[in-house]
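Here are a few friendly notes to read alongside the structure. Take them one at a time, and look up each element as you go.

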Amino acid sequence: MRVAILNLIMTTPVEGAIVPRASNQDTVIYNMARGFVSGGHRVTLLTSEEYRPTEAENLEFDVIYFPSALKKIFKPTLLPYPTGLRKYLKKHLSDFDMLISVEAFSIASLIAARVAPKKLLIWQEMAKFQRLFFKIPAKIWYGIVVRTFLSDIPVVGMSQTAQSFAGQFMRNVSDRVVSHGVDESVFYPSERHRGYFIVISSLIKRKRVDCIIQKYAQFVSSCGFYNVALKIVGDGPEKDNLKKLAQESGCSDRIEFMGKKDHAVLSKILRDAVGLLVYTEKDLNMVSITEALVSGCPVLMNKVPLIRDRVEKYNLGIVKDDWGCEEMKMMIEKYDELHGNCIKERWRFTSKNVADTLCDICLLYTSDAADDLI
């Protein structure tokens, strides 16, 4: 199939700002594009100019950038207004069998719904109203725009919660849940762990890496696991504060701040870990969790990320709010079982499987795409 992916926000802003990148190779949406390519599909990614990398990239798919208009109203970090997208889609509509737009709350989704409703599939991540301006813009968008212009567009939830949320406003909600995918050629399991927990996170306050450090210190002192280290992968404005906290915890010799790593290095660190630790305040979907699962690394997490349902369903780790040293101990004691479950179920979270599933769903709903393949 000839697939266009509409994803205007390429990376998560840091403190309300877009951080320039030399390359977008390790982004979630690039990984998804490669998943389609690995299935034999031709892919074009449509995104915002503000996320263009600073260096040239050698890609297996096309990327087209659209400048954002009216930036004071439609902020590129929140709701970009892509100049020229409507004209491009009308001109090149026959070049695509399928359009996938990330989020119903997106001007790209609205434009695609007006230009090519029979080829469009919405891939929904958000599971509640965005909190900006007391949720008023989101409530207006879903209550009026979505119900008026997108209600008949098929939608796939990235989680059961997102699926239920979309069902309040849209009629063609798939009963299948499709989360972010991971490149299985980069992330793959090892046979055993090498005695450390891992945190993969931007070092910002809402990730609550400070809580993880405190719980790790309790784990070492209370449970006696002095030989189990903690590796923290990532960078951010809280780095110095977290290093100070690690020093004060008395475990600084066992806590390693590794900085930000590309996927080639990260995958090796991840597959040798006994478990990924997550204690975020508000992330809905975290690609680090799916990367861990595909790497055979179990997850110890709170109930905030929406993938919690699948972690519990397939027994891929421990899900508990306010987890502590007892749960960390259980991760070690149950490693063989949890690790084996991750290896057994890892195919579910690969980008190739996600792309194949989205294509299958597209054929069920979008008549033009189905007709083209008959």
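**Notes on the sheet, two helices and one glycine**

1. Let's begin with helix α1, residues 28-38, in this predicted model. Helix α1 lies across five strands: β1 (2-6), β2 (42-48), β3, β4 and β5. Against β2, the helix runs at about 165°.

2. Now look at the sheet itself. Seven strands make up an open sheet, and their pairing is parallel. Reading across, the order is β3-β2-β1-β4-β5-β6-β7. The edge positions belong to β3 (62-66) and β7 (173-177); each has a single partner strand, so one side of each has no neighbour in the sheet. On average, neighbouring strands here are turned by 25° against each other, ignoring direction.

3. You can zoom in on one pair. Strand β4 covers residues 98-102 and strand β5 covers residues 120-124, and the two pair in the parallel sense over four bridges. To see a bridge for yourself, find I100: its partner in β5 is L121.

4. Another helix to find is α13, residues 351-365. Helix α13 lies across β4, β5, β6 (155-157) and β7, and its direction is at about 155° to that of β7.

5. Finally, visit G259, which sits in strand β10, residues 255-259. Is G259 buried or exposed? With a relative accessible area of 12%, G259 is buried, because buried means under 20%. Leaving out residues up to four places away in sequence, G259 touches I232, V233 and G234. By contrast, S185 is 74 residues from G259 in sequence, and their C-alpha atoms are 23 Å apart in space.

Notes:
Residues are numbered from 1 along each chain as its sequence is written. This is a predicted model: local features need pLDDT of at least 70, side-chain atom pairs count only at pLDDT 80 or more; totals for chains, interfaces and linings use all residues. Side-chain values use heavy atoms; hydrogens and water are left out. Two strands pair if DSSP finds at least two bridges between them. Axes are lines fitted to C-alpha atoms, for helices over the stretch in contact, and angles run from 0 to 180 degrees between N-to-C directions. Contact means heavy atoms within 4.5 Å. Buried means under 20% relative accessible area, exposed over 50%, partly exposed in between (1.4 Å probe, protein chains only).
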